[in-house]
Amino acid sequence: MRVEILESAAAAAARAADLLARELRRTGRRRLVLASGRTMIPVYRELVARHRAGRAPFSRAETWNLDELAVAPEDPRSFRTFMERELFSRVDLPRRRVHFLRGDTKDPARECRRYERSIARAGRPSLALLGIGVNGHVAYLEPGRSLAPRTAPVRLAPATRRELRASGAVPAPARALTMGIETILSANALLLIATGRAKAAAVAAALEGPITARCPASYLSLHTDLTVLLDAASASRLRRSGIPGLPGSARRG
C-alpha cells in the first residue's frame, strides 16, 4: 500500500489524473474500471485537460464502470449519464469499448452475469479507480456480514442514499448493481481517492482498522498494488502508524 497525503482536494484530483494519464500512455490495451460520484468530477476534469494536451490517450482504452443505479441509462441520475457528461463525450474513447451495467434490467442476476463475462473475456483490468463512501462502502458493496464476490444486485444503505440525494439524485434509488469485491481485486492495480472531512472516519477504518465486511473498503489493503490518495481533511483521523508509506509507520500486520 502506498499512501499519499496531498495539501488539498484539488491536488489529490490532479495527482489521480497524472497516474491515470500515465496508465493510458502505456503500450497495449488499457482496461480501466472507473468510478462515478462527486469525488471523481475534479479527477475527470483534470484527466480531460491532460487528454487535450496529448498526455492521456484513450484510443487504446476499454472501460467498465463499477456500478449503476437501478434506473434507465438515459435517466439523469444514472452513472452512464454522469460518465458521458464528465468524461466520455470529451475524449477519444471508442464507444464500442465502453461497458455499463443496465440498471433498469428486468433480470438483475442475468445482467450481472453478462457483465462478469464481458470482463472475463477481455482479461484482467489494468487499473481500477475507486472511491469510498462515508460508511466505508467501495463500489456499492455496503457494510454487512459479507460482501458479494462478483457483480451482484444490492440494496443501498440509508447513508448511501443520503449521499446520492446530496449530489442531486432525487429521489435516490433504493437499489443498484455493483461489481463484487473479488472482481475489483482482480485488477492489476488499484487507485483509491478520498477527499473531505466527511470521509475521514471511513478512511481511518479502511486503512487502520481490521479487514471486515463492516468496512468493505478495508478489503482493498489485501491487494499487492494499492495506491491511496488523500487530502489533508480525509486523512485527519489517521494515526499514521501501521500505514506503509507514511513517515513513522510500520506495516499493518
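**Covered and exposed parts of the model**

Strand 1 (2-6), strand 9 (190-194) and strand 10 (226-231) are among the elements that cover the buried residues of helix 7. The model is a predicted one, and helix 7 is a handy place to start looking around. Helix 7 spans residues 200-208 and is mostly covered, with 7 of its 9 residues buried. Those buried residues are A200, A202, V203, A204, A206, L207 and E208.

Next up is a loop residue, L66. L66 sits in the loop between strand 3 (61-65) and strand 4 (67-69). With a relative accessibility of just 2%, L66 counts as buried, because the cut-off for that label is under 20%. Setting aside neighbours within four places in sequence, the contacts of L66 include V33, L34 and A35. Further along the chain numbering, L66 is also in contact with L101, L129, L130 and A139, as well as with L177, T178, M179 and I184. As for H99, it is 33 residues away from L66 in sequence, while the C-alpha to C-alpha separation in space comes to 9.9 Å.

The surface has something to show too. R110, R113, R117 and R121 together form a positive surface patch. One of these residues, R113, belongs to helix 4, which covers residues 108-122. R113 has a relative accessibility of 48%, so it counts as partly exposed, since the exposed label calls for over 50% and the buried label for under 20%. To put the two residues side by side, L66 is buried at 2%, whereas R113 is partly exposed at 48%.

Note on methods
Residues numbered from 1 in each chain as written. Predicted model: local features only at pLDDT ≥ 70, side-chain atom pairs only at ≥ 80, totals over all residues. Heavy atoms only, no water. Buried < 20%, exposed > 50% of the residue type's maximum accessible area, 1.4 Å probe, protein only. Helix = DSSP H or I, 4+ residues; strand = E, 2+ residues; numbered from the N terminus. Contact = heavy atoms within 4.5 Å. Patch = residues over 30% accessible without salt bridge, like charges linked within 9 Å, V, L, I, M, F, W, Y side chains within 5 Å. Areas by Shrake-Rupley, 256 points an atom, 1.4 Å probe, with all protein chains shown as cover. Salt bridge = Lys/Arg side-chain N within 4 Å of Asp/Glu carboxyl O. Lys, Arg positive; Asp, Glu negative; His and termini not counted. Charge placed at Lys NZ, Arg CZ, Asp CG, Glu CD.
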